[in-house]
Amino acid sequence: SNIRGVIPVKRTDPRYPLFASQANYNGGNVQGAWTEFLRGRDVLLEYFRELDPLFCTWLIGRNVDLENFDDAEALAREMIRDIESKTLRLPPEIRVQVRLARANIAFALPELPRARALYEQISAEKEFSGLDGQIDAELRIAEIDRVQKDYDGAMQRIEKVLRLDKPHAK
């Protein structure tokens, strides 16, 4: 497919595979996106700021799925650092997804106490109130409760989510 039109750099540019990966992702071709990403992964931390933050959260999630935890953590850490320093100004809907991606790394490792703490921070953050990412954090806390055999805690958490009047909560 001709994706050249949405890639702002020449094929010889070291960023080309990253932009090609993003173009494939935006076009729904996740396998093509991953293949291109692998060609550009060495320069990701240098150039991720030029990419769509939601695409970057997909890269974090994909790395977690493939148990590339160090790569996932490195990108998540840099994105969080940029958000906290205001270098990266993002709306709450995207910030919550970045924070959730970071928490999901801890969940997958599994570093459950750290994961719970990160999910609890998302849950408590007023600016994320009612956003899909906050609901996802609540459900992950319930999952941690279930894994740790705190079934009452898990049920209370799920009931709290179900009381929210949000389509994503259902």
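Helix 4 gives the most to the lining of the largest pocket, supplying 6 residues. That makes the pocket a good place to start a walk through this model, which is a predicted one.

**The pocket**

The volume of this largest pocket is about 160 Å³. Around it stand L54, T57, I60, G61, V64, D65, Q97, L100, A101, N104 and D136. Two helices, helix 4 (53-65) and helix 6 (92-108), each provide at least two residues of that lining. What is the character of the lining residues: how many are nonpolar, polar and charged? They divide into 5 nonpolar, 4 polar and 2 charged.

**The chain as a whole**

Stepping back, the chain has 9 helices and 0 strands, so to speak a pattern of α-α-α-α-α-α-α-α-α when read along the sequence. Its C-alpha atoms fill a box of roughly 55 × 35 × 30 Å along the principal axes. Of the 170 residues, 46% count as buried. Among contacts with a separation of 6 or more, 50% come from residues 24 or more positions apart.

**Two helices side by side**

Helix 5 and helix 9 lend themselves to a check of length against the 1.5 Å a residue expected of a helix.

| Helix | Residues | Number of residues | Expected span | End-to-end C-alpha distance |
|---|---|---|---|---|
| Helix 5 | 69-84 | 16 residues | 22 Å | 22 Å |
| Helix 9 | 151-163 | 13 residues | 18 Å | 18 Å |

For helix 9, the end C-alpha atoms are 18 Å apart, which agrees with the expected span. In helix 5, the reach of 22 Å from the first C-alpha to the last is close to the expected value.

Now for how each helix is set into the model. In helix 9, the buried residues are G153, A154, R157 and V161. These residues cover an arc of only 100 degrees around the axis, and therefore sit on the same side of helix 9. Their packing partners are helix 7 (112-124) and helix 8 (132-147). On the face turned away from the buried side, helix 9 carries the exposed residues D152, Q156 and R163.

Helix 5 has a buried list of its own: F69, A72, E73, A74, L75, A76, E78, M79, I80, D82 and I83. The cover over these buried residues includes helix 3 (44-47), helix 4, helix 6 and helix 7. After helix 5 comes K86, which has a positive phi, near 70 degrees.

**Two residues to look at**

R95 belongs to helix 6. Is R95 buried or exposed? With a relative accessibility of 16%, R95 counts as buried, because the cut-off for that class is under 20%. Setting aside neighbours within four places in sequence, R95 is in contact with I83, L90, E127 and F128. One of these partners, I83, is also among the buried residues of helix 5.

A124 is found in helix 7. Its relative accessible area is 57%, and because exposed means over 50%, A124 counts as exposed. The C-alpha atom of A124 is separated by 8.7 Å from that of Q134, although the two residues are 10 residues apart along the chain.

Terms used: Residues are numbered from 1 along each chain as its sequence is written. This is a predicted model: local features need pLDDT of at least 70, side-chain atom pairs count only at pLDDT 80 or more; totals for chains, interfaces and linings use all residues. Side-chain values use heavy atoms; hydrogens and water are left out. Helices (H or I, at least four residues) and strands (E, at least two) are DSSP runs, numbered from the N terminus. The expected span of a helix is 1.5 Å times one less than its number of residues. Buried means under 20% relative accessible area, exposed over 50%, partly exposed in between (1.4 Å probe, protein chains only). The arc is that of the directions from the helix axis to the C-beta atoms. Contact means heavy atoms within 4.5 Å. On a 1 Å grid over the protein atoms alone, a cavity is a set of points where a 1.4 Å probe fits but cannot get out, and a pocket is an open set with protein on both sides within 12 Å along at least five of seven lines; lining residues have an atom within 4 Å of a point. Grid points are joined across faces, edges and corners, and a volume is the space filled by probe spheres set on the points. Ala, Val, Leu, Ile, Met, Phe, Trp, Tyr, Cys and Pro count as nonpolar, Asp, Glu, Lys and Arg as charged, and the others, Gly among them, as polar.
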